[in-house]
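Trainee: Got a minute to walk me through this one? I'd like to go over the loops, the sheet and the helix packing.
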Amino acid sequence: MRVDEYLRERLKRKRICLMTHIIVGYPSFEANLKALEIMAENDVDVVEIQMPFSEPIADGPIFVRANQMSLQRGTTVDQYFRFMEKATARFDFPLLMMGYYNPVFKMGEANFLDRLQSSGGRGFIIPDLPIEEGRNLFDRAKQKGLAAIPLMTPSSTEQRLKELGKAGSGFVYVVARKGVTGEHTKFEDDFADYVQKCRRATELPLAVGFGISQKQDLDFLVNHVEMAIIGTRILEIWENNGEEGLQAFLQEIKQYLERLC
C-alpha cells in the first residue's frame, strides 16, 4: 500500500495522523529502538528516521547537536540502512528516510533508492533538494512505489506550490513557518490561508511540521491537515526524561486524539 493510501486508511478511524522523528545513532541505536517501540505502543502513524549529516541546514540547534554527536560516535551510512532494515522488520508503521542530499549524491541516486527499498523504507524527505534538481530522483522513486515527499513553505508562490504538489508522492510536508526546526509555532489566521493554498496545489495529504510541540497545536491542525509532525519535542523529552517521559507524552497525545474522534 502506498503511503498516501495508508494515511487515508488510517484517517477512517482518527481525525489526524501523527508523524514523529528519531536521529539514527543518537543517543544510541538501542535508544532509537526503544523510542520506536514506545511510538508503536502509542499509535504513531509514520516515523521519519534521520540519516545524520554534518550540516543539517533545516534543523535547529537541538537536532544539529544530535546529528553531530551521532556522527562523532561513528554512525555510518551502512549502519543507517542496517538499522532501517531492523526497524522495518519489527514495526508496522511506515518508516521514511529523512536526510540531506550530499550522502544520496555520494552513493548515487539509483543505489540510494535500491538500498532504501531493500531495507524496507517507504520513502524519503530531503529538505535541501530543489525539485528542479531532484526530478530524476522523484520520478525514479515513484516508479518504485516509494514516497518522494516535497516541502511546501510559506514563501512559495502559488505556481511553485503547484509544481511541488505535482512532483511529490505519499504526502506533502507543509513547513509551518520560516526558519529551522525546534522553535514553537504560533498558529494564526494567516496560517489557515497558507494551508488552503497548499491544499489547492495538490490532492496528496498534507502534513504540518516545524514547531509542533503540544496537544494544543493539534486543536488547530485537526481541522486543516491530515497529519501533524512532532520532531524536536520528542528528542527534548527523551534527553530530559528518558523512556518514561516519552511514554507519558505520547500516551497523552494518543488519548487526546482518541477523544477527538
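Trainee: Where does Pro27 sit?
Mentor: Pro27 is in the loop between strand 1 and helix 2. Keep in mind that this is a predicted model.

Trainee: And the peptide bond from Tyr26 to Pro27, cis or trans?
Mentor: That bond is cis, with omega near -5°.

Trainee: OK, next loop. What's phi of Asp43?
Mentor: Near 65°, which is a positive value in a residue other than glycine. You'll find Asp43 in the loop between helix 2 and strand 2.

Trainee: Why is Asp43 called partly exposed?
Mentor: Because the relative accessible area of Asp43 is 21%, and partly exposed covers the range between 20% and 50%.

Trainee: Switching to the sheet. How many strands, and in what order?
Mentor: Nine strands make an open sheet, ordered 5-4-3-2-1-9-8-7-6, with parallel pairing.

Trainee: Which ones are the edge strands?
Mentor: Strand 5 (147-149) and strand 6 (151-152), each pairing on one side only. Strand 6 runs parallel to strand 7 (residues 172-175), and two bridges join them. Across from Met152 you have Val174 in strand 7.

Trainee: What does helix 4 touch on the sheet?
Mentor: Helix 4 packs against strand 1, strand 2 and strand 3 (95-98), and the direction of helix 4 makes about 165° with that of strand 3. Helix 3 (residues 61-72) lies across strand 1 (17-23) and strand 2 (46-50), at about 45° to strand 1.

Trainee: How do helix 2 and helix 4 cross?
Mentor: The axes of helix 2 (residues 29-41) and helix 4 (residues 77-90) come within 11 Å and cross at roughly 30°. Angles under 35 degrees count as roughly parallel, so helix 2 and helix 4 are roughly parallel to each other. Helix 2 passes helix 4 in a right-handed crossing.

Trainee: Which residues meet there?
Mentor: From helix 2 it's Phe29, Asn32, Leu33, Leu36 and Glu37, and from helix 4 it's Gln79, Phe83, Lys86, Ala87 and Arg90. That contact divides into five nonpolar, two polar and three charged residues.

Trainee: And helix 4 with helix 6, at what angle do the axes cross?
Mentor: Roughly 35°, and the axes of helix 4 and helix 6 (residues 109-118) come within 8 Å. Val77, Asp78, Phe81 and Met84 of helix 4 make the contact with Phe112, Arg115 and Leu116 of helix 6.

Trainee: How many of those are polar?
Mentor: None: the contact of helix 4 with helix 6 has five nonpolar and two charged residues, and no polar ones.

Notes. Residues numbered from 1 in each chain as written. Predicted model: local features only at pLDDT ≥ 70, side-chain atom pairs only at ≥ 80, totals over all residues. Heavy atoms only, no water. Axes fitted to C-alpha atoms, helices over the stretch in contact; angles between N-to-C directions. Helix = DSSP H or I, 4+ residues; strand = E, 2+ residues; numbered from the N terminus. Parallel < 35°, antiparallel > 145°, perpendicular 65-115°, else oblique. Left-handed = near helix turned anticlockwise from the far one by under 90°. Contact = heavy atoms within 4.5 Å. Nonpolar A, V, L, I, M, F, W, Y, C, P; charged D, E, K, R; others polar. Pairing = 2+ DSSP bridges. Buried < 20%, exposed > 50% of the residue type's maximum accessible area, 1.4 Å probe, protein only.
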